[in-house]
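Let's take a friendly look at the metal site and the ligand beside you on the screen. Have the structure open as you read.

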Amino acid sequence: MEKLRVNEQRLWLTHVEMGKIGALPNGGCCRLALSDEDKMGRDLFIRWSREAGCEIRIDAAGNIFARRPGLDNSLPAVATGSHLDTQPHAGLYDGIYGVLAGLEVFRTLNDAGIETQAPLENIVWTNEECVRFSPPTSGSMVFTEQLGIAELHQAKTTDGTTVGQDLQRLGYLGDHITMASHKIGCFIEAHIEQGPILEQQNKTIGAVTGIQGARMFEVRVTGQDNHAGTTPMPLRRDALTGATRMVLWLNELVADQGDDIRLTIGRFNVSPNSASTVPGAVTFQIDLRHPQMTVLNALEDRIRMGLAEKARQAGLGLTIKDICAFAPVAFDGALVAMIEAQAVASGYSVMRMLSGAAHDAGNLAALVPTAMIFVPCEKGISHNEAERATPGDLAAGANVLLYTMLSRAG
Ligand code: HGY
Ligand code: MN
Ligand code: MN
């Protein structure tokens, strides 16, 4: 008998269709969390999921649970999913793939007339990306009780609204539910790798063993607004000059920290951002990552002390606010082994690997057996419109997801 396979063409075309929402000029898309485009993406996902026979539940964080009932619905759901929100210059795959792979698994089971013992769920988590508001992975943090729902609702967006207002406006404010009331037996997230390793190693499937640790800080440097034409250089308290020195120093600091360190300053705001005013304030964000907690701890200490010293020398004010701190995560050994075995059984090359990127699966791992399936992306480019994955690789990951979910759901 032919082995059951997902429909590669259909999976590909759903990516093309979804990518039209928030389409950008260079082939990518932009659907910032809780924007109008995000709503359109959510609406389309719900329509597709209902057509595939799913029941839809939306929680107070705007997470969407698309449930394919099983024969015994008292069993905890075997869950998959990821996110539909994107970075500002995103491709068509980061997050989206995990959601559409789940949908394709359901469609494939429907076509084959297969019912599972346990129910299956495909979950869209709110705001994985942390562009309009923080923290990253906020939807899965609420569900796993690592972030309070009131705190999320009060969080300010870059448009001056609150998350609660946005959820209300878009019609995605449901009842508050957590893992305590909504039982999930395991979580398996498919994702593009977003790095170069699978391509370099010529492997189709990554069986992800865990996620490196990550921390984000918001640094605010304050000086004094003043006139560009009249204020003598020695009398200035120029926050921008101070902040740029800090950025250069941070990059020098990590230069000798080995190959595994990642430090990024990707957001930098100058106030009042006017050519003829000496800038009185700068806010920038630091994204720091490493697989080892001890390294993160030591670096964080050095960063706090070093920035304070730089501010003092320049006569500037400094505050540092924590945005998030994710400890390194180890996924469930049995589930990782299962993914590896299912990849081999389906005839795909596979390797174990650690995730450099953060994922909602990292939050789920604290509470239920969790693992991830990676597929290659071209040249490891992601958070970029040039992000690419092949239809064959996307289907391969979805096939591994299909068999891993089936083996868990019975
Ligand atoms: O930044 C991350 O790791 C994730 O893609 N948001
Ligand atoms: Mn991302
Ligand atoms: Mn992602």
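Is H383 buried, partly exposed or exposed? With a relative accessible area of 42%, H383 counts as partly exposed. Please keep in mind that this is a predicted model.

## The manganese ion of ligand 2

Let's begin with the ion that H383 helps to hold. The manganese ion (ligand 2) takes its protein donors from D94 (OD), from E129 (OE), listed twice, and from H383 (NE2), at 2.0 to 2.7 Å. Along the chain, these donors follow the pattern D-x34-E-x253-H.

E129 sits in the loop between β4 (120–124) and α4 (138–143), while H383 belongs to the loop between β15 (370–375) and α12 (391–409), so the two tie together parts of the chain that are 254 residues apart in sequence. E129 has a relative accessible area of 7% and is buried, whereas H383, at 42%, is partly exposed.

## The manganese ion of ligand 3

The second ion has its own set of donors. H83 (NE2), D94 (OD) and H191 (NE2) lie 2.1 to 2.3 Å from the manganese ion (ligand 3), and their spacing in sequence reads H-x10-D-x96-H.

Where do D94 and H191 lie? D94 is found in the loop between β3 (77–82) and α3 (96–112), and H191 in strand β5 (residues 184–192), so this pair links parts that are 97 residues apart in sequence. D94 is buried at 5% relative accessibility, and H191 is buried too, at 1%.

## The bridge between the ions

Which residue coordinates both manganese ions? That role falls to D94, which bridges ligand 2 and ligand 3. The two ions are 3.7 Å apart.

## Ligand 1 and its surroundings

Now for the remaining ligand of this tour. Ligand 1 sits in the largest pocket, and the residues around it are E128, E129, R289, A357, A358 and H383. Two of these residues, E129 and H383, are also donors to the manganese ion (ligand 2).

Several polar side chains reach ligand 1. A polar side-chain atom of R289 is 2.7 Å from an oxygen atom of the ligand, and one of E129 is 2.9 Å from a ligand nitrogen atom. The side chain of H383 places an N or O atom 3.1 Å from an oxygen atom of ligand 1. Taken alone, ligand 1 exposes 210 Å², and the protein buries 89% of that area.

Note on methods: Residues are numbered from 1 along each chain as its sequence is written. Chains are lettered from A and ligands numbered from 1 in the order in which they are written. This is a predicted model: local features need pLDDT of at least 70, side-chain atom pairs count only at pLDDT 80 or more; totals for chains, interfaces and linings use all residues. Side-chain values use heavy atoms; hydrogens and water are left out. Donors are N, O and S atoms within 2.8 Å of the metal (3.2 Å for Na, K and Ca); water is not among the atoms, so sites may look incomplete. Helices (H or I, at least four residues) and strands (E, at least two) are DSSP runs, numbered from the N terminus. Buried means under 20% relative accessible area, exposed over 50%, partly exposed in between (1.4 Å probe, protein chains only). A residue is near a molecule or strand if one of its heavy atoms lies within 4 Å of it. A polar contact is a pair of N or O atoms within 3.5 Å; within protein, one must be able to donate a hydrogen and the other to accept it, and residues adjacent in sequence count only if both atoms are side-chain atoms. Accessible areas come from the Shrake-Rupley method with a 1.4 Å probe; for residues, only the protein chains shown count as cover. On a 1 Å grid over the protein atoms alone, a cavity is a set of points where a 1.4 Å probe fits but cannot get out, and a pocket is an open set with protein on both sides within 12 Å along at least five of seven lines; lining residues have an atom within 4 Å of a point. A molecule sits in a cavity or pocket if more than half of its atoms lie within 2 Å of its grid points.
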